[in-house]
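User: I am new to reading protein models and would like to learn how to look at one step by step. Could you guide me through the one shown here?
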Amino acid sequence: FLGLELIINIGVSMAIRKIFIPDQTRIGVIEKQVEFQWHPGLSFSQKQKSVQSLHDACKHLGIENILEISTKSFDLLGQKLSAFNLMTTLPKTNKKITIESAFQGSKVFEKSGPYTDIYEKKSIEAKKDIRLKTSGNLCSFDFCGQKFSIKPKTFFYDWLYVNALFQHKDYLEQIKKFNAFTDIEFNDVKSINCQARSVALCLSLLCNNISEKSIQKSEEFYD
């Protein structure tokens, strides 16, 4: 019996990811760490198995109606809300680009930047642009002439994402159906910004009746 138990447990690994819950009583996001069974592998099917395991673990904690925000989401809405797919409009030109390309192309480094030609690239190409790794430390962000500090650490990403989401009124209505959000790719040990957290923050803003004009102004968004 002990030998059988050992065989069953071989290959089973656990992981911890955060789940993001919009605060409906004040502006903010409630973050909870959840342990779940991880399914190793880079394939789409393995990622979705991990998503399902994470959501099942959340249900055991009494958290339901969860939307995965990534290209691995079971829900088409979650895939559309991935930073690789969600579009924002550049000021003045009205050109539409992805959040990922906008974020990467707005980085200002010690040696150079922003590399605004990245705006024209596809999301995966934008993220892998070699200049992002060879230009020194990140100093700030410059989005079409609008300056952003790197503190708080998620300030620019949240502002960029939330403003983009407000440009899609149909998505705003749809996220109201969910109680919490996840991103299976996000590991807070390795990363800072999280699209699932930004969606939860956006829903918190909606629940607290914050106007679109308020979030458009970076100073008011910061406050």
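Analyst: Let us begin with a term: contact means heavy atoms within 4.5 Å. Please keep in mind throughout that this is a predicted model.

User: With that term in hand, which residues does Asp158 touch, not counting residues up to four places away in sequence?

Analyst: Setting aside residues up to four places away in sequence, Asp158 touches Arg197, Ser198, Leu201 and Phe221. Asp158 itself has its place in helix H7.

User: Does one call Asp158 buried or exposed?

Analyst: The term buried is kept for residues under 20% relative accessible area. Asp158 counts as buried because its relative accessibility is 5%.

User: How should I read the packing of two helices, and what does it look like for H7 and H9?

Analyst: In general, two packed helices are described by the angle between their axes and the distance between the axes. Here the axes of H7 and H9 come within 9 Å and cross at roughly 60 degrees, which makes H7 oblique to H9. The crossing of H7 and H9 is, in addition, right-handed.

User: Which residues of H7 and H9 meet there?

Analyst: From H7 come Tyr157, Asp158, Tyr161, Val162, Leu165 and Phe166, and they meet Gln195, Arg197, Ser198, Val199, Leu201, Cys202, Leu205 and Leu206 in H9. By kind, the residues of this contact of H7 with H9 divide into 10 nonpolar, two polar and two charged.

User: What should I look for in a nonpolar core, and which residues in the largest one touch the most other members?

Analyst: The idea is to look for buried nonpolar residues that are joined through their side chains. The largest nonpolar core in this model has 43 residues, and Leu81, Phe143, Tyr161 and Phe181 touch the most other members. The elements that give two or more residues to this core are helix H4 (99-105), strand S7 (138-143), helix H7 (155-166), helix H8 (169-175) and helix H9 (195-207). H7 gives the most to this core, with 10 residues.

User: What does Tyr161 touch, if residues up to four places away in sequence are not counted?

Analyst: Counted in that way, Tyr161 touches Ile69, Leu81, Leu86, Ile99, Gln195, Ser198 and Val199. Apart from the largest core lies another core, of 14 residues, and among them are Val34, Cys58, Ile63 and Ala180.

User: Now I would like to turn to the backbone. Which peptide bonds before Pro114 and Pro152 should I look at, and are they cis or trans?

Analyst: The quantity to read for a peptide bond is omega, and the bond from Gly113 to Pro114 is cis, with omega near 5 degrees. Pro114 lies in the loop between S6 and H5. The bond from Lys151 to Pro152 is cis as well, with omega near -5 degrees, and Pro152 lies in the loop between strand S8 (146-149) and H7.

User: What is the sign of phi in Asn94, positive or negative?

Analyst: Asn94 has a positive phi of about 60 degrees although it is not a glycine. This residue is found in the loop between strand S4 (87-89) and strand S5 (96-98), and Asn94 is exposed, with a relative accessible area of 57%. Phi of Asn209 is likewise positive, near 60 degrees, in a residue other than glycine. Asn209 belongs to the loop between H9 and helix H10 (212-216), and its relative accessible area of 69% makes Asn209 exposed.

User: How far apart are Lys121 and Val51, in sequence and in space?

Analyst: Lys121 and Val51 are 70 residues apart in sequence and 28 Å apart in space, from C-alpha to C-alpha. Lys121 is found in the loop between strand S6 (107-109) and helix H5 (123-127), and at 29% relative accessibility Lys121 counts as partly exposed. Leaving aside its neighbours within four places in sequence, Lys121 is in contact with Ser101, Ala126, Asp129 and Arg131.

User: Where does Gln167 lie, and what is it in contact with beyond its neighbours within four places in sequence?

Analyst: Gln167 lies in the loop between H7 and H8, and its contacts beyond those neighbours are with Met87, Thr88 and Thr89. At 35% relative accessibility, Gln167 counts as partly exposed.

Technical notes:
Residues numbered from 1 in each chain as written. Predicted model: local features only at pLDDT ≥ 70, side-chain atom pairs only at ≥ 80, totals over all residues. Heavy atoms only, no water. Core = buried A, V, L, I, M, F, W, Y, C linked by side-chain atoms within 4.5 Å. Buried < 20%, exposed > 50% of the residue type's maximum accessible area, 1.4 Å probe, protein only. Axes fitted to C-alpha atoms, helices over the stretch in contact; angles between N-to-C directions. Parallel < 35°, antiparallel > 145°, perpendicular 65-115°, else oblique. Left-handed = near helix turned anticlockwise from the far one by under 90°. Nonpolar A, V, L, I, M, F, W, Y, C, P; charged D, E, K, R; others polar.
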